[in-house]
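Q: I am new to this structure and should like to learn how its features are read. May we go through them one at a time?

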There are 2 protein chains.
Amino acid sequence: MGIDWGTASPLGLKLKSLGAQADDLNIVLQVLKRHVIVAAHDNVVQETDAPGQVTALLAGMSCAYKRWEDGGRSILTFQHPGDFCDLLGYVLPASQAAIGVQALTDCTVVVIDYQDMDKLLSRPTLAPAFWRASMLEAAVYRERLSHTGRGTALQRVAHLLCEQLARREAVSIHSPQLPLSQTDVADAAGLSVVHVNRTIQTLRRLNVLSKASHAIEVVDRKQLTEIAGFDGRYLIMPKLASKWDG
Amino acid sequence: MGIDWGTASPLGLKLKSLGAQADDLNIVLQVLKRHVIVAAHDNVVQETDAPGQVTALLAGMSCAYKRWEDGGRSILTFQHPGDFCDLLGYVLPASQAAIGVQALTDCTVVVIDYQDMDKLLSRPTLAPAFWRASMLEAAVYRERLSHTGRGTALQRVAHLLCEQLARREAVSIHSPQLPLSQTDVADAAGLSVVHVNRTIQTLRRLNVLSKASHAIEVVDRKQLTEIAGFDGRYLIMPKLASKWDG
DNA sequence: CGTGCTGTTGAGGACGATCAATGACGGTGG
DNA sequence: CCACCGTCATTGATCGTCCTCAACAGCACG
């Protein structure tokens, strides 16, 4: 399929941290298909699709979103290399209805056909890894839910940024820059673009974000974490809990 | 263990709708333990517990919540008969940190030890059912996330109520009454109690909620759904998708 | 008969939404 | 090379939803 663990390494990293064995990874590699580049702003998964395949992100940044009648967009979660874009839709097709996935930067994605997924899940060490991947997604939703609708705009934005930094570090992306527009942040935090702009300026004034660039670049991670009240434990993978061994 | 499918029927209903087979259910029945009553306001699961067991709710209503330093409480989700209280914590122990489960009414619960869970998951028709149960929970989080921080207090409260009614109907509870205090609604919707009170009064004035009782009783479901913009499809269980059959 | 929880009401103020306009930047085509 | 365009960032002004503080009523409980 023209895909090796060089390009697919974020996915390998992630599955390994979820408890997959070395030989599992090779099986996964075999079923990866259609190594595709999606341009920024294009859809990775259509809202209307009944897909028949699971998409995984290898490079770039995307988001799962819901579009409203009034044209508004709610960003449900951001996705980073190694993340699955629509795993929830594989298990519960109905829940994926009306939810789309959009590339925020240029993205590299691969897909796994549902039939191949079935094969993968028949492996006793791989199935729990996928289960965990989906539960990690659930944990992210739950954590964001607990912070949204609570606290000030400053705390909400700070928490959002902390989450993305932490999730990127989990797949060895240590850059302090996040390739997000302020519009993206607004749609994810449930705030207006204008207010997000002012909030980001406050963070810059506090020397938490870089004043130099117009992009989002975190220069004081510690202070950001404090403002957010961020506790990254919910993202921690328990390396191979013994109960999965047998 | 003194538990039969009479008392455990909501759990049976739920697992069946998630694709479990008849003989699976009997196996589940065998490992259910410690049929316990928890009084309203007591904790079903401690925030600090490292549990070693999964709890399922058979009767009553509970909530998963997060407690803040300032004493505030965020309600992450409500739980109804047939729901698991801490399934996420079984798959990802770390994510359950600092999250508690509290009884909102008097509750009947059973527990399944982690060792027994491992046994259950070795059954190829049962494991997907549990996966789906957890994904359904994720879908609920995601849907609430998309509505929280968007729309008016009226819409948010209406959506919350719609969700609970729909989830209760899925386990054959068709009562229009919800045993929730306004404080519970406030903590779940991310609004102040005072404002929830005014919002509920508005709903009563619109003849959506009963004016007679001080409890929450929905008398005009259709209008409530309209106000909420509620689309219950995300809760729908695909009855036994063929891909799980083999 | 207190005590605590829940529901209710009033008044004032703050945070963030909305509307409107401008500036900066990169790409595209003439 | 420059004019034009779309996207994104920025700023100002006004307005409204919702929060906060405060007080009181009903009810169940010991």
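A: Let us begin with terms: helices (H or I, at least four residues) and strands (E, at least two) are DSSP runs, numbered from the N terminus. Two strands pair if DSSP finds at least two bridges between them. This is a predicted model, in which local features need pLDDT of at least 70 and side-chain atom pairs count only at pLDDT 80 or more, while totals for chains, interfaces and linings use all residues. Residues are numbered from 1 along each chain as its sequence is written, chains are lettered from A and ligands numbered from 1 in the order in which they are written, and side-chain values use heavy atoms, without hydrogens and water.

Q: In what order do the 4 strands of the open sheet in chain A lie?

A: The order is β2-β6-β4-β5, and the pairing is antiparallel. At the edges lie β2 (43-45) and β5 (73-79) of chain A, each of which pairs on one side only. On average, neighbouring strands of this sheet are turned by 35° against each other, direction ignored; here axes are lines fitted to C-alpha atoms, for helices over the stretch in contact, and angles run from 0 to 180 degrees between N-to-C directions.

Q: How many bridges join β2(A) to β6(A), and which residue does Asn43(A) stand opposite?

A: There are 2 bridges between these antiparallel strands, and Asn43(A) faces Gln102(A) in β6(A). The antiparallel pair β4(A) and β6(A) has 5 bridges, with Tyr65(A) opposite Gly100(A) of β6(A). On the other pairing, β4 (residues 62-67) of chain A meets β5(A) over 6 antiparallel bridges; Ser62(A) has Gln79(A) in β5(A) as its bridge partner.

Q: Is strand β6 of chain A mostly covered or mostly open?

A: A residue is called buried under 20% relative accessible area, exposed over 50%, and partly exposed in between (1.4 Å probe, protein chains only). By this rule β6 (residues 99-103) of chain A is mostly covered, with 5 of its 5 residues buried. Ile99(A), Val101(A) and Ala103(A) point one way from the strand, Gly100(A) and Gln102(A) the other way, and all are buried.

Q: How many disulfides does a search of the whole structure find?

A: A disulfide is a covalent bond between the sulfur atoms of two cysteines. The test applied is a pair of cysteine sulfur atoms within 2.5 Å, and the search finds 0 over all chains. The sulfur of Cys63(A) is too far for a bond, because the closest cysteine sulfur, in Cys107(A), is 9.4 Å away. Cys63(A) is also buried, at a relative accessible area of 0%. Cys107(B) is likewise in no disulfide, its nearest cysteine sulfur being that of Cys85(B) at 7.6 Å.

Q: What rotation superposes chain B on chain A?

A: Copies are superposed by least squares on the C-alpha atoms of residues with pLDDT of at least 70 in both. A rotation of 180° with 0.0 Å of shift along its axis does this, at an RMSD of 0.0 Å; that is the relation of a two-fold axis. In chain B, the residue closest to the rotation axis is Ala138(B), at 2.4 Å (C-alpha).

Q: How many residues does each chain give to the contact?

A: Contact means heavy atoms within 4.5 Å. Chain B gives 46 residues and chain A gives 46 residues. The copies meet through the same surface, because 100% of the interface residues of chain B are also interface residues in chain A. Buried area is the accessible area (1.4 Å probe) that two parts lose on being put together, summed over both; between these chains it is about 4,400 Å², with 69% from carbon and sulfur atoms.
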